Amino acid sequence: MDIRGEVMERFLRYVKIDTQSKEGVEDRYPSTDKQHDLARLLVSELEELGLDDVCMDTYGYVTATLPQNLPAGTRAASRLPVVGLLAHMDTYPEVSGKDVKPVVHRDYQGGPLELAGAPGEPIRPEDNPDLARYTGDDIITSDGTTLLGADDKAGIAEIMTLLSWYRQDATIAHPRIRVGFTPDEEVSNGTKYFDVKAFGADVAYTADGSGMAEVEDETFCADTAVVTIKGVDVHPGYAKGKMVNAVRLAADFIARLPAANLPETTEGRQDYLHPYQVSGNVSQVTITILVRSFTEDGLKKMEQVIEGIREELNRAEPRATMRVEVKESYRNMKIILDKHPAVVRNAEEAIRRVGLDPKRMAIRGGTDGARLSFEGLPTPNLSAGGYNFHSRHEWIPVQGLVKAVEVLRALMEVYVERGLEDAPGA
Ligand SMILES: [Zn+2]
């Protein structure tokens, strides 16, 4: 089977379908109707491939089953886990995904990638150190007027190509595979109505990471701290000795946050406090602060910093009332994945089998897999091949698409050989 031809053809076809999601839509799901266009197409293609249980539910989730094909009654078949493969259908709301015109730059020979629709704004090697790795390969971009949508139509094309591969060669053994294509991931609602129980997988992988050979098994631990400062409002003409201005106290509060722990001053595994919303007036101000760390201990330390500032400031101005309320947002999925080490180990083995060197990465943010992991479905994220997500400079080497399909296939092979002794509930 010509993997390269098929995965490329699928990818170029899917990116032309506009599936942009929309921020702040609460009265409907998914946030935009046009995501259904791709969902319906995938349903018909999954049916054509002869998968079981092909279905699009009322929320627009597309799911299907490829039954395992090991000889009945073999020992291996009975202990094989059900493996879920997930990718999201929507694209980033802030950059247009309408009329995407993908361009294949054949046999890339280094230098800037010129985009016809954005003269003078090429994709430059100095901003994209990874480009050099793909000299001699074909590279796909948009024409520069829209994003490309490799995030995450690359993942969809790869999963579809894998299924098609199995359909064309029934002798390749694989476990029972559950496929899931989700809407609204880019507006943080990808798993909002996802029925983990009905999906019925033991483990899953999202094919939604950038680059090649990466396994993302960590996210931030995330809390939100809401600081409320109550002052005393008095007519400013007669305020001497009486007014306690919550606006000024809030400014002071924010200024005291440590400069070394801000999003704009941290990277890698460093923690941050991000004051990202302030509202109020002289009598009351609310400051919303995102608290981020890779460990729950780190999270606590950051929250103590906030509490310390509150005490300091309250000592200096005892007439004000100051309260800090902390709400949990999400937790590092590594806490769950560490309980099922085979999930990441098998992925790393699969990456090695296709001749790549696996890299474990931590996401400075959240991912659909985090929520699924905490709902009982351990779900790390795998590279889908693209770069520069969410921008008109998005690009993907064809090799990235091909390798991702090969990694998925090798992953299924690893499950057939090794199973998952530490599967949840096993
Ligand atoms: Zn994505």
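Let's start with Tyr193, which counts as partly exposed because its relative accessibility is 34%. Keep in mind, everyone, that we are looking at a predicted model. What does the ring of Tyr193 pair with? The structure holds twelve aromatic pairs, and one of them is formed by Tyr59 and Tyr193. A pair of aromatic rings is described by the distance of the centres and the angle of the planes. For Tyr59 and Tyr193, the centres are 4.1 Å apart and the angle between the planes is 0°, so to speak a stacked pair. The two partners come from distant parts of the chain, 134 residues apart. Tyr59 sits in the loop between S1 and S2, while Tyr193 sits in the loop between S6 and helix H5 (196-199). Like its partner, Tyr59 is partly exposed, with a relative accessible area of 30%. Both tyrosines also belong to one aromatic cluster, together with Tyr29, Tyr61, Phe194 and Phe199.

Now let's move to the sheet. It is an open sheet of eight strands with mixed pairing, and the order is S1-S2-S6-S3-S7-S14-S8-S13. Which strands lie at the edges? They are strand S1 (52-56) and strand S13 (359-362), each of which pairs on one side only. On average, and ignoring direction, neighbouring strands of this sheet are turned by 25° against each other.

Let's look at S7, residues 203-209. On one side, S3 and S7 run parallel and are joined by four bridges. Here Leu85 has Tyr205 in S7 as its bridge partner. S7 also pairs with strand S14 (residues 381-383), again in the parallel sense, over three bridges. In this pairing, Thr206 stands opposite Asn381 in S14. Is S7 buried or exposed? Seven of its seven residues are buried, so the strand is largely enclosed by the rest of the structure.

Two helices that pack on the sheet are worth pointing out. Helix H9 (residues 341-353) touches S7, strand S8 (214-218), S13 and S14, and its direction makes about 170° with that of S8. Helix H4 (residues 150-168) touches strand S2 (62-66), strand S3 (83-88), strand S6 (177-182) and S7. The direction of H4 makes about 140° with that of S3. H4 has 19 residues and reaches 25 Å from its first C-alpha to its last, close to the expected 27 Å. It is mostly covered, with 17 of its 19 residues buried.

H4 turns up again when we look at H1. H1 has twelve residues and spans 16 Å between its first and last C-alpha, close to the 16 Å expected. Its buried residues are Ile3, Glu6, Val7, Met8, Arg10, Phe11, Leu12 and Tyr14. What covers them includes H2, strand S4 (103-105), strand S5 (139-141), H4, strand S15 (395-397) and helix H11 (398-418).

Finally, where is Gln20? You'll find Gln20 in the loop between helix H1 (3-14) and helix H2 (35-48). Gln20 counts as buried because its relative accessibility is 14%, and buried means under 20%. Its side chain reaches the backbone oxygen of Val95 at 3.0 Å. Leaving aside neighbours within four places in sequence, Gln20 is in contact with several residues, including Thr32, Lys34, Gln35, Thr91 and Tyr92.

Definitions and conventions:
Residues numbered from 1 in each chain as written. Predicted model: local features only at pLDDT ≥ 70, side-chain atom pairs only at ≥ 80, totals over all residues. Heavy atoms only, no water. Pairing = 2+ DSSP bridges. Helix = DSSP H or I, 4+ residues; strand = E, 2+ residues; numbered from the N terminus. Axes fitted to C-alpha atoms, helices over the stretch in contact; angles between N-to-C directions. Contact = heavy atoms within 4.5 Å. Expected span 1.5 Å × (residues − 1). Buried < 20%, exposed > 50% of the residue type's maximum accessible area, 1.4 Å probe, protein only. Polar contact = N/O pair within 3.5 Å; in protein donor to acceptor, adjacent residues only side chain to side chain. Phe/Tyr/Trp six-rings, centres within 6.5 Å; stacked < 30°, edge-to-face > 60°.
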